[in-house]
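Me: I would like a close look at one part of this model, residue by residue, and then a careful account of how other places in the chain are set. Please give the cut-offs for your terms as you go.

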Amino acid sequence: MHDEETTVPLAARQAPKKLEDFAGQPHLLGEGKMLRRLLEADMIKSAVFFGPPGCGKTATARYIASRTQAITVELNAAAAGVADIKKVLTEAKERARMATFEQKRTLVILDEIHHFNKTQQDVLLPSVEKGEIILIGITTENPYFYINTALLSRFSVFEFKALGDKDLLKILHRAAKDEHAQIDDDAAEFFTVQANGDSRKMLNAAELAFVTTQPGKDGIKHIDLEIAKECIQRRHLNYDKKGDEHYDIISAFIKSMRGSDPDATAYWLARMLESGEDPRFIARRILICASEDVGLAEPAAIMIAQAAFSAAEELGMPEVRIPLAHAAIYVACCPKSNSAYLAIDSALQEVREGRYRPVPDHLRSGGKNRGYKYAHDFPNHYVKQSYMPYPKKFFEPGTLGKEPALIERLKKIKGE
């Protein structure tokens, strides 16, 4: 290895030099797929690459840059301002006036494009529309939420997937070969599992193992599980509290409770807690689920959820994990009913769109003088009387847990 190469991170040195070097993304880069065909023909158009960290978005953009005849400019939207953009666009416009086709084109690779606000994105639009630049925007966020509709309509959108274990192993073993290293199977598995689909994170850890391990008599560096564990720092979890992953994980948490899967519930809860989510935010979702999805099938669920919310107000980590787990797992294990949730939504729709109903005279304040019958004066504390003009059914009872017993009681006292 040349001395100047040692200053370049391993992840950068392992960037694919040819299509066969790419790991993963067969839906984009497989034989006959659209992105591959565009690459092979050097006919790439403005596009946005989105997906999780370390899955090959930037590597693909740089591979395009290495193959194209266009002049390439790289910008990072987190650091670039409007002045930087305008300078690049002015130069691209001048370049477009040159005689030869090869000299006309400018490829702009814009990393973290989701950091650009509407004004900055609007500056790009005319140049993209006129073809003065080919723009490849790279983002970990959903472009349909973060990129202006007008700009997005000029893009081809390519979604990159997180790399699987086989993809990561391919990258890891290729790097080990280049670095004259041998990695034990259990150490390689540890690297890939801890990488969480992020090849850059995996290679950064592997590089630390390579540079701190002395070669044996055969000139090969032997990386075992102990070395691998020393080189992996605390796992980084993709969890931006304002980003897509935040909403995806809380959605998975709620759906796991609703779907009666206590193990998945515990896992998604742990993901949020480990990522630093506010325990009160989690407790609110448990409280909502206890009412919306468990409801009358187990009335105690909302009380346990409320107790967990109170605990979240008083406790911090790590203690708060216990009452949150207590409540979330209880809600997951409870019988389910959404009858109360459906009843109030149906009644609200009737109030907004249905027939107007005045309060009957006997139910008004002081209604006893107008014929109101006091339920406690009658057997079973029930008496038949009208409580709503133009009666309409909003509540459809469920059949699980304690709800049937509540309904049977109503039928019994009403003589049905």
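Reply: Helices are DSSP runs of H or I with at least four residues, strands are DSSP runs of E with at least two, and both are numbered from the N terminus. The model is predicted, with local features requiring a pLDDT of at least 70 and side-chain atom pairs counted only at pLDDT 80 or more, while totals for chains, interfaces and linings use all residues. Residues are numbered from 1 along each chain as its sequence is written, and side-chain values use heavy atoms, with hydrogens and water left out.

The part I have chosen is helix α10, which spans residues 165–178 and holds I171 as well as L172. I171 has a relative accessible area of 8% and therefore counts as buried, a label given to anything under 20%, whereas exposed means over 50% and partly exposed lies in between, using a 1.4 Å probe and protein chains only. L172 is buried as well, because its relative accessibility is 0%.

What does I171 touch, once its neighbours within four places in sequence are left aside? I171 is in contact with Q14, A23, L163, S199, M202 and L203, where contact means heavy atoms within 4.5 Å. The stretch of chain that holds A15 also enters the picture, since the C-alpha atoms of I171 and A15 are 9.6 Å apart in space although 156 residues separate them in sequence. With the same neighbours within four places set aside, L172 is in contact with I183, A188, F191, M202 and A206. M202 thus appears in the list for I171 and again in the list for L172. A further distance can be given for L172, whose C-alpha atom is separated by 17 Å from that of E226, 54 residues away along the chain.

For the setting of this helix, the protein chain has 20 helices and 7 strands. Its C-alpha atoms fill a box of roughly 95 × 60 × 40 Å, taken along the principal axes. The radius of gyration of the chain is 31 Å, while a compact globule of 416 residues would have one near 22 Å; the quantity is taken over C-alpha atoms, and the globule rule is 2.2 Å times the number of residues to the power 0.38. Of the 416 residues, 41% are buried. Among contacts with a separation of 6 or more, 74% join residues 24 or more positions apart.

Strand β1, residues 47–50, offers another buried site at V48. V48 counts as buried because its relative accessible area is 0%. Beyond its neighbours within four places in sequence, V48 is in contact with G137, T139, P143, I147, L152, F155, S156, V157 and F158. For G137, one of these partners, the C-alpha to C-alpha distance to V48 is 4.5 Å, even though the two are 89 residues apart in sequence.

Another helix to set beside α10 is α14, which covers residues 244–258 and includes A252. A252 has a relative accessibility of 18%, so it is classed as buried. The C-alpha atom of A252 is separated by 9.5 Å from that of L269, which lies 17 residues away along the chain.

The loop between α19 and α20 completes the survey. Helix α19 takes in residues 339–353 and α20 residues 403–414, and H381 is found in the loop between them. The phi of H381 is near 55°, a positive value in a residue other than glycine. Y390 is found in the loop between α19 and α20 too, and although Y390 is not a glycine, its phi is positive at about 50°. Is Y390 buried or partly exposed? With a relative accessible area of 42%, Y390 is partly exposed.

Returning to the helix in question, I171 at 8% and L172 at 0% are both buried. Their listed contacts include L163 and S199 for I171, and F191 and A206 for L172.
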